[in-house]
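Student: Please give me a close look at one part of this structure. Start from the words I need, and set that part in the whole chain as you go.

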Amino acid sequence: MARRGESKTQKSISAPAIRHFHRKEGVFTVKGRPGPHSSETSVPVSFLLREILAVAHTVKECKRALSEGNVKINGKVRRRLEFPAGIFDLVEIAPLKKKYRLFLDRKGRLKAKETEYKAADFKVSKIVGKQAVKGGKIMLTTNDGFSIEMGKEKVHVDDSVKLSLPSLKIEAVYPAQKGSVAFLVAGVHVGKTLKVEGVTHGDINKEKAVTLAEDGKEFETVLRNVIVVGKEKSEIGAL
């Protein structure tokens, strides 16, 4: 009889490339579950605590930290081992009084950089959807699962917004246009923060593209490979 439903396990050797760990030390690793990020662009919280932040050594320690409400992601307490954490998420470990922002390195693997603990919490998210809803409101959908109401700001799909946490209030808009600064999340230049030299609008046969500059040389990639992170400089820093 055929198996029904998805597999509840994940073999280490076939885990998504965004995870960086010793794949041959164990047969299995924790499997991600549905959430704000896809399995290809995120890691489960238990993997984050053990392999990336190194604040826990066993799954039992992860369970205890989560059950006690010691871990916040983007300003909210998370208690599931499998909850996905991804690009630009802000992770707080309350007992240690430490906060980390997640980035991609030059090989597309998720890494963490410690940030100032007392600084105001915010998140940069890319707008991937925009639609009118009942009541004349305009709702924006982001790449990391947020659904926020647009106010008087002028926001387009592919622009990025700076959101205060945990209220998700729009503090700034970073348009996808010439002069802005973008972080590459895919392609051969993944992990780099570069200046936008131009945006080419696509059509039914061609995707939107963006021209970027590095060391005086320009190259082009599809717009879905980048997230705008500032108007003149990166507002989130870099690894």
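Tutor: A residue is called buried when its relative accessible area is under 20%, exposed when that value is over 50%, and partly exposed in between. With that in hand, look at helix H1, which covers residues 45–52. Its buried residues include Val45, Ser46, Phe47, Leu48 and Leu49. Just after H1 comes alanine 54, with a positive phi of about 55 degrees. Most residues other than glycine have a negative phi, and most peptide bonds are trans. Both points will return below.

Keep in mind that this is a predicted model. The chain has two helices, set beside 19 strands. Its radius of gyration is 19 Å, and the globule rule gives 18 Å for 239 residues, so the chain is as compact as a globular protein of that length. The C-alpha trace spans about 50 × 45 × 35 Å along its principal axes. Of the 239 residues, 43% count as buried. Of the contacts between residues at least 6 apart in sequence, 44% join residues at least 24 apart.

The part I will take closely is the set of salt bridges, together with the loops that hold some of their partners. The chain carries 46 positive and 28 negative charges, and the mean positions of the two groups are 5 Å apart. The structure holds eight salt bridges. Three of them follow.

One of the eight joins aspartate 121 to lysine 99, with 2.5 Å between the closest N and O atoms. This pair links distant parts of the chain: lysine 99 belongs to strand E8 (residues 98–104), while aspartate 121 sits in the loop between strand E9 (110–115) and strand E10 (122–133). The two residues are 22 residues apart. Aspartate 121 and lysine 99 are both buried.

Another salt bridge is formed by the side chains of aspartate 144 and lysine 123, at 2.3 Å from N to O. Lysine 123 is in strand E10 and aspartate 144 is in the loop between strand E11 (137–142) and E12, so the bridge ties together parts that are 21 residues apart in sequence. Why does aspartate 144 count as buried? Its relative accessibility is 2%, and the cut-off for a buried residue is under 20%. Lysine 123 counts as buried because its value is 0%.

A further salt bridge pairs lysine 208 with aspartate 158, and here the closest N and O atoms are 3.1 Å apart. Lysine 208 is in the loop between strand E16 (193–200) and strand E17 (209–214), aspartate 158 is in the loop between E12 and E13, and 50 residues separate them. Lysine 208 counts as partly exposed because its relative accessibility is 34%. Aspartate 158 has 14%, so it counts as buried. Some of the salt bridges share partners, and in this way Asp89, Lys123 and Asp144 are joined into one network.

Now return to the backbone. Aspartate 158 has a phi near 90 degrees, which is a positive value in a residue other than glycine. Phenylalanine 88 is not a glycine either, and has a positive phi of about 70 degrees. Phenylalanine 88 is placed in the loop between strand E6 (84–86) and strand E7 (90–93). At 1% relative accessibility, phenylalanine 88 counts as buried.

The peptide bond between leucine 165 and proline 166 is cis, with omega at about 0 degrees. Proline 166 lies in the loop that runs between strand E13 (160–164) and strand E14 (170–174). Strand E13 also bounds the loop of aspartate 158, with E12 on the other side.

One more loop is found between strand E15 (181–184) and E16, and it holds histidine 189. Which residues does histidine 189 contact, leaving aside its neighbours within four places in sequence? They are Arg106, Leu184, Glu214 and Phe219. Alanine 176 is 13 residues from histidine 189 in sequence, and their C-alpha atoms are 18 Å apart in space.

Key: Residues numbered from 1 in each chain as written. Predicted model: local features only at pLDDT ≥ 70, side-chain atom pairs only at ≥ 80, totals over all residues. Heavy atoms only, no water. Helix = DSSP H or I, 4+ residues; strand = E, 2+ residues; numbered from the N terminus. Rg over C-alpha atoms; globule rule 2.2 N^0.38 Å. Buried < 20%, exposed > 50% of the residue type's maximum accessible area, 1.4 Å probe, protein only. Contact = heavy atoms within 4.5 Å. Lys, Arg positive; Asp, Glu negative; His and termini not counted. Charge placed at Lys NZ, Arg CZ, Asp CG, Glu CD. Salt bridge = Lys/Arg side-chain N within 4 Å of Asp/Glu carboxyl O.
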